[in-house]
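Student: I have a new model open on my screen, and I would like to understand the words people use for it. Could we go through it together?

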Amino acid sequence: MDKQKSFHFPIIIEMDEDGYYIVGCPLFKGCHSYGVTIEEALNNIREVIELCIEETNVEKLNTFVGFREIEINTHAKVAFA
């Protein structure tokens, strides 16, 4: 009998310029999805993560440490007509 094991995976949620929610799991390369609502995006990424798990030894994944923001100051470039 197989014993079921639960894992917790980090995901990143962004909103694109068209208002879609873009989600990704940084532990799997190319593991991204989207949705019109956050709920739809989360359901979609769950399916993608499940597919990634089938092809990966989950025990050997990198350990997610955390998420931080970094501030970068830029100089606005002004175009002259």
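Student: How much accessible surface does the protein chain have, and what percentage of it belongs to carbon and sulfur atoms?

Tutor: Keep in mind that this is a predicted model. The accessible surface of the protein chain comes to about 7700 Å², and carbon and sulfur atoms account for 51% of that.

Student: What is the order of helices and strands along the protein chain?

Tutor: The pattern is β-β-β-α, with three strands and one helix in the chain.

Student: How do you know whether the protein chain is spread out or compact?

Tutor: Set the value against the rule. For 81 residues the globule rule gives 12 Å, but the radius of gyration is 17 Å, well over that, so the chain is more spread out than a compact globule. Its C-alpha atoms fill a box of roughly 70 × 30 × 20 Å along the principal axes.

Student: What makes the length of helix H1 agree with what a helix should span?

Tutor: At 1.5 Å a residue, the 17 residues of H1 (38–54) should span 24 Å, and the end C-alpha atoms lie 25 Å apart, which agrees.

Student: Which residues of H1 are called buried, and why are they said to be on the same side?

Tutor: Buried means under 20% relative accessible area, and in H1 that applies to Ala 41, Ile 45, Ile 49 and Cys 52. They cover an arc of only 70 degrees around the axis, so they sit on the same side of H1. An α-helix has 3.6 residues a turn, so residues three or four places apart point the same way.

Student: What covers those buried residues of H1?

Tutor: The cover includes strand E2 (21–24) and strand E3 (32–35).

Key:
Residues numbered from 1 in each chain as written. Predicted model: local features only at pLDDT ≥ 70, side-chain atom pairs only at ≥ 80, totals over all residues. Heavy atoms only, no water. Helix = DSSP H or I, 4+ residues; strand = E, 2+ residues; numbered from the N terminus. Expected span 1.5 Å × (residues − 1). Buried < 20%, exposed > 50% of the residue type's maximum accessible area, 1.4 Å probe, protein only. Arc of directions from axis to C-beta. Contact = heavy atoms within 4.5 Å. Rg over C-alpha atoms; globule rule 2.2 N^0.38 Å. Areas by Shrake-Rupley, 256 points an atom, 1.4 Å probe, with all protein chains shown as cover.
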